[in-house]
Amino acid sequence: MKINAKQKAENRRAILAAAVDLMIESGFKSMSMRAVARKAGVGDATIYNYFPTKEALIYGYYEESLNSALQTLMEVDDYEQFDLREKLQLLFETVLEGYLADREFVAETFASVFFRPVPGGKGVRAIRARFLHIIGEQFQAAADSGELADFMFKDLVYQCIWDFFIATTLYWLKDESEQFSNTTVFIDKSLDLGYTMLKSGVLDKVTGLASFLFKSHVLSRIEMIMDERDTFSRIKDEFMSYDPAR
Amino acid sequence: MTQHDETPKGRMARGLAYSGMAARMGGTYLKYAASKPFASESGRTQNKKNMHEKNAEVLFTGLSRLKGTALKIAQLLSLELDIFPPEICAQLEKSYTDVPPMNRAMAHKLLVNAYGTRPEEVFRSFDSAAFAAASLGQVHRAEDLEGKALALKVQYPTIRQTIHDDIRLLRGVLRPFADYKAMKPAIKEIEHRFMEETDYLAEASNMQFFSDNLELENVSIPQVYEGLCTDRVLCMSFMEGQPLNHWLATSPPQEDRDTVARRLNRIFLKSLYELTCIHADPNPGNYLIRDDLSIGLVDYGCVKRFTPEFVQLYRRLPQIIISGDKAAYFAALRDMHVVDKELGPEVEEAIFECAYAFGKWLGRLYESEYFDFGVETGFISEGKEIMRAMLKQRSHFTMNPDMIFLDRTRYGLLRIYEQLKCRISLCNHYENSGY
């Protein structure tokens, strides 16, 4: 039976919701794909069309929550008038609001998925790519409106924001303040700092500094080596031109 | 609009801002102390004046770098202690209503926290950029689902902790100053009031009380939307009108200024003598003047209730002072628990002398039918001198907090009348019917 894209998206969401519920109830290990399929009301085999493995369910959840956060952002009345810093803040807050209903699930899975010394597999890469894409669009909008001057190492900055997002979520998971207001303030203040640094072109200054250091240290060392080389060739010349008969 | 501003956040940064301020003020004092022995008498006064202005300036720059609490403290200092030179007062007045706001994302988040859902689902529209600053929060426009215009007052999520930290820092900054002891109770009072002002449910019930009871023609009070109020979000109907200080800047004619002053005076008298409860925050930003000169009274964070007995006693006070009846005066003070101790005849005489001067000063307001603040320009500063003399006797008084609030409000109103340069009749049937 052919089903349309809308139906497909709904099924996907239903499966993810069922998986989250089951995992909160009984944990990842004892959760079976069949139980998820039953709870979501899809066929035992159909579920594999959406998620081939149990791990894929977890990755699917995080990707889906990014998408629905983005959807929510777009529905904010005056979103277009937000500046970059506000957009970032809103994105963070909205994603966390999305996690709120499934907090136990997120607490259970987040660290193991995102926070490990070796970057995760394909699943994590897809989520990160989605996140970086959203961030990239927000930066692009800021560049288009002239809010932010062009700067170097964009990818590095996006990557930093991704890391910051992971740190924020971990902070949020440990936050016991009323309505997680500490997290809200944490986001507000750190973004303030980051944005100020971006605006004032700290990064470019750092780059300038780096190239200065590179020039003054590395290049001067090369010159020293050049000197050495000269010395070496002089000795060689002397040696080669040595005439014992003389 | 970008809301990037230089407000230092976090206890560390705020601490640095304050301590920088203390160091600089200390520096100015040192300079004065060093030059003192060499300066002539008149030069000394000039020096001292310069120093005060310099300090006020430094204090102001320091305070204005901190939002919220500091802003409020700045307001209180300018209104009550009156220590700032006029140029700085003008700056401060601007700050009553023109404060750099919290950013849009934050405002949005605050509503999500308050309602548990996105503002788009609660309101037809919500403007995430604030249109006005409240002392410890800010005010946003919104429309409810039926399209009625609303004003939403929201506060920064950790404002209570911030107040606590700020006050502690302020204590540290002020400790080295000679006047610190005298300021101590004031600082305590300030902290207490801030805590009260951050409880928006209490404010909502105050507003409801006034809107049920004040009922004055040409005075309107915002309607509370109880269902949409939480302790951190106050939802009320939107009030048209310009803040009094903005309105005054448009140079309205004498007649209009008189009308506005008359209405302000009526609000005060009716609140005190009929409701025994006053709006105790006479900040020009809290009076919205409309085109038809009707007044919108906003901000009920600082409301003071009195017992009917206290109001009865207070009512007689102006007449007693003006009449010069010493026995009646002290009897009234005792009844109001302003004087509790037995006072020696000398002290009594000294206090009464001050009170008499004060009464004579106050009496001028009631002497003729109309008092013209435009002509009597030095009136308030004269009164301030007398009050200062009175303050020297303060060890004999028990500071009745009711009295402090009442005096502050009255004094604030007189200041506004003076700014309005209005011609107003202050005689009223509450206070002028003998005692």
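How much of chain A, with its 246 residues, counts as buried? The figure is 41%. Keep in mind that this is a predicted model, and take the close-ups below as views of that prediction.

**Figure 1. Chain A is built from helices.** The count for chain A is 10 helices and zero strands, so don't go hunting for a sheet here. Following the sequence, the order reads α-α-α-α-α-α-α-α-α-α. Take the contacts in chain A whose partners sit 6 or more positions apart: 71% of them join residues with a separation of 24 or more.

**Figure 2. Two UniProt features sit on chain A.** An unreviewed UniProt entry puts "domain: HTH tetR-type" at residues 9-69 of chain A. That stretch is 77% helix and 0% strand, with 15 Å between its end C-alpha atoms. For residues 32-51 of chain A, UniProt (again an unreviewed entry) lists "DNA-binding region". Here the chain is 65% helix and 0% strand, and 13 Å separates the end C-alpha atoms.

**Figure 3. A:Glu64 pairs with two arginines of helix H1.** Side chains of opposite charge can pair when their charged atoms come close. One salt bridge runs from A:Glu64 to A:Arg12, with 3.4 Å between the closest N and O atoms. A:Glu64 belongs to helix H4 of chain A and A:Arg12 to helix H1 (residues 5-26), so this pair links parts of the chain 52 residues apart. A:Glu64 also forms a salt bridge with A:Arg13, again with the closest N and O atoms 3.4 Å apart. Since A:Arg13 lies in helix H1 of chain A and A:Glu64 in helix H4, the pair ties together parts that are 51 residues apart in sequence. What about burial? A:Glu64 has a relative accessible area of 13%, so it counts as buried. A:Arg12, at 23%, is partly exposed, and A:Arg13 is partly exposed too, at 44%.

**Figure 4. A:Asp44 meets A:Arg38.** These two side chains form a salt bridge, at 3.3 Å from N to O. A:Asp44 has 32% relative accessibility and therefore counts as partly exposed, whereas A:Arg38, at 52%, counts as exposed. Over all chains, the salt bridges come to 20.

**Figure 5. Chain A meets chain B.** On the chain A side 25 residues are in contact with 26 residues of chain B. Together the two chains bury about 2200 Å², and 49% of that is on carbon and sulfur atoms. Which three residues of chain A give more of its buried area than any other three? They are A:Asp77, A:Glu86 and A:Gln179, which supply 21% of the area that chain A buries against chain B. Five salt bridges are counted between the chains, and one of the pairs with side chains in a salt bridge is A:Glu93 with B:Lys109, at 3.3 Å from N to O. The interface also has 12 residue pairs in polar contact. Helices H4 (54-75), H5 (84-100) and H9 (181-199) of chain A each give two or more residues to the side that touches chain B. The largest share, nine residues, comes from H9(A). By class, that side of chain A holds five nonpolar, eight polar and 12 charged residues.

**Figure 6. B:Arg118 reaches A:Glu75.** Look for B:Arg118 in the loop between helix H5 (104-115) and helix H6 (119-122) of chain B. Is B:Arg118 buried or exposed? With 15% relative accessibility, B:Arg118 counts as buried. Leaving out residues up to four places away in sequence, B:Arg118 touches A:Thr72, A:Glu75 and B:Val112. Its side chain makes a polar contact with the side chain of A:Glu75, at 3.0 Å. The C-alpha atoms of B:Arg118 and B:His108 are 7.9 Å apart, with their positions 10 residues apart along the chain.

**Figure 7. Two loop residues have a positive phi.** Most residues other than glycine have a negative phi. A:Gln179 is not a glycine, yet its phi is positive, about 55 degrees. A:Gln179 sits in the loop between helix H8 (154-174) and H9 of chain A, and is partly exposed, at 36% relative accessible area. B:Leu293 also has a positive phi, near 65 degrees. B:Leu293 lies in the loop between strand S9 (287-289) and strand S10 (295-297) of chain B, and is buried, with a relative accessible area of 11%.

Notes
Residues are numbered from 1 along each chain as its sequence is written. Chains are lettered from A and ligands numbered from 1 in the order in which they are written. This is a predicted model: local features need pLDDT of at least 70, side-chain atom pairs count only at pLDDT 80 or more; totals for chains, interfaces and linings use all residues. Side-chain values use heavy atoms; hydrogens and water are left out. Contact means heavy atoms within 4.5 Å. Buried area is the accessible area (1.4 Å probe) that two parts lose on being put together, summed over both. A salt bridge is a side-chain nitrogen of Lys or Arg within 4 Å of a carboxyl oxygen of Asp or Glu. A polar contact is a pair of N or O atoms within 3.5 Å; within protein, one must be able to donate a hydrogen and the other to accept it, and residues adjacent in sequence count only if both atoms are side-chain atoms. Helices (H or I, at least four residues) and strands (E, at least two) are DSSP runs, numbered from the N terminus. Ala, Val, Leu, Ile, Met, Phe, Trp, Tyr, Cys and Pro count as nonpolar, Asp, Glu, Lys and Arg as charged, and the others, Gly among them, as polar. UniProt positions are given in the numbering used here, feature names are shortened, and annotations may be inferred rather than shown by experiment. Buried means under 20% relative accessible area, exposed over 50%, partly exposed in between (1.4 Å probe, protein chains only).
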